[in-house]
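Me: Hi, could you walk me through this one? I'd like to chat about helices, charges and a few odd spots.

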Amino acid sequence: PVRDRITESYYWKEQCFALNAATLCDKAAALTYIGGTYGQQKPTPFLCLVFKLLQLLPEKEIILLYLRQQEFKYLTALAAFYVRLTFDGREVYRVLEPLLGDFRKLRRRTREGGWRLSWVDGFVDDLLVKDRVCATGLRKLPSRTVLEDLGQLEMRISPLGEEIEDIDADEEERGDERSRGSDEDEVEEVNGNGRVDDEQRSDRSH
């Protein structure tokens, strides 16, 4: 099991054994990547610190402080993962969705041992929609729509909403311009002097 690999790892034995909520914050601030296991199922320091948080079970206020500070992005990612693992479904949405607007870059260790570029918002999106992240199975979240119908969540307004409305307005305006141009093409032909040619008018009268 992953738990055994964590507790048998060098990082756990040397860096995590005596940590408390305050000193763990310092370790998380020093992280340089996220990830689950890699190579021969070796756990990352990130995963070890997640497991240590699960042992410590710090107060919710402490986790929210970890989450909302802006200086250490890997501490934010660690707190977000802990929220997904321990908070109820309604709180998960309320606490994590604001981070969908956090575009700080993250390095991610792949299972093969390589590296991949990620972002805080993408990591949080994985936590909200996937059932397995960083070699850890996640309990199923209740549907956001169901929680909205029950009155437990307000409808989420996308931060891109205003931009989408502007794009739609621009498209509608261009459509009106094309329509006006087509109407102008159908009016009577006008000669070079700007007057309807008498011969053309005579022909049309017959």
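Reply: Happy to, and what follows is a tour of a predicted model.

Me: Great, let's begin with α4. Which residues does helix α4 cover, and how far apart are its end C-alpha atoms?

Reply: Helix α4 covers residues 45-56, and its end C-alpha atoms are 16 Å apart. At 1.5 Å a residue, its 12 residues should span 16 Å, so the two values agree.

Me: And how many of its 12 residues are buried?

Reply: 9 of the 12 are buried, so α4 is mostly covered given the cut-off of under 20% relative accessible area.

Me: Which ones are they?

Reply: The buried residues in α4 are P45, F46, L47, C48, L49, V50, F51, K52 and L53. Note that K52, a lysine, is on that list.

Me: What comes right after the helix?

Reply: α4 is followed by L57, whose phi is positive, near 50°. L57 is not a glycine, and its place is in the loop between α4 and α5.

Me: Is L57 buried or exposed?

Reply: Exposed: L57 has a relative accessibility of 56%, and the cut-off for that class is over 50%.

Me: Where else is there a positive phi in a residue other than glycine?

Reply: A135 is such a residue, with phi near 60°. A135 lies in the loop between β6 (132-133) and β7 (136-137). Its relative accessibility is 22%, so A135 counts as partly exposed.

Me: Switching to charges. How many salt bridges are there?

Reply: The count comes to 6. One of the pairs is K60 with E91, where the closest N and O atoms are 2.4 Å apart.

Me: What does that pair tie together?

Reply: K60 lies in helix α5 (residues 60-68) and E91 in helix α7 (residues 89-96), so the salt bridge ties together parts that are 31 residues apart in sequence. K60 is partly exposed at 35% relative accessibility, and E91 is partly exposed too, at 22%.

Me: Which partner does R104 have, and are the two buried or exposed?

Reply: R104 forms a salt bridge with D102, and the closest N and O atoms are 2.7 Å apart. R104 is buried at 18% relative accessibility, and D102 is buried at 10%.

Me: And what about D126 and R108?

Reply: Their side chains meet in a salt bridge, 3.3 Å from N to O. D126 lies in helix α8 (residues 120-129) and R108 in strand β4, so this pair ties together parts that are 18 residues apart in sequence. D126 counts as buried at 13% relative accessibility, and R108 is buried at 10%.

Me: Which residues are joined into one network?

Reply: E97, R144 and E148 are joined into one network by salt bridges that share partners.

Me: Back to β4 for a second. What's going on with R109?

Reply: R109 is in strand β4, residues 105-109. R109 is buried yet has no salt bridge. The nearest side chain of opposite charge is E112, 9.1 Å away; a salt bridge needs the nitrogen and oxygen within 4 Å, so that pair does not qualify.

Me: What does the R109 side chain reach instead?

Reply: The backbone oxygen of G113, at 2.9 Å.

Me: OK, new topic: the surface. Which residues form a nonpolar patch?

Reply: F103, L117 and W119 form one, with about 320 Å² of accessible area together. L117 is found in strand β5 (residues 115-119), and L117 is partly exposed, with a relative accessible area of 44%.

Me: Last one. How far apart are R90 and P142 in sequence and in space?

Reply: R90 and P142 are 52 residues apart in sequence and 8.1 Å apart in space, C-alpha to C-alpha. R90 is found in helix α7, and counts as partly exposed at 34% relative accessibility. Helix α7 is also where E91 lies, the salt-bridge partner of K60.

Me: Lovely, thanks for the tour!

Terms used. Residues numbered from 1 in each chain as written. Predicted model: local features only at pLDDT ≥ 70, side-chain atom pairs only at ≥ 80, totals over all residues. Heavy atoms only, no water. Helix = DSSP H or I, 4+ residues; strand = E, 2+ residues; numbered from the N terminus. Expected span 1.5 Å × (residues − 1). Buried < 20%, exposed > 50% of the residue type's maximum accessible area, 1.4 Å probe, protein only. Patch = residues over 30% accessible without salt bridge, like charges linked within 9 Å, V, L, I, M, F, W, Y side chains within 5 Å. Areas by Shrake-Rupley, 256 points an atom, 1.4 Å probe, with all protein chains shown as cover. Lys, Arg positive; Asp, Glu negative; His and termini not counted. Polar contact = N/O pair within 3.5 Å; in protein donor to acceptor, adjacent residues only side chain to side chain.
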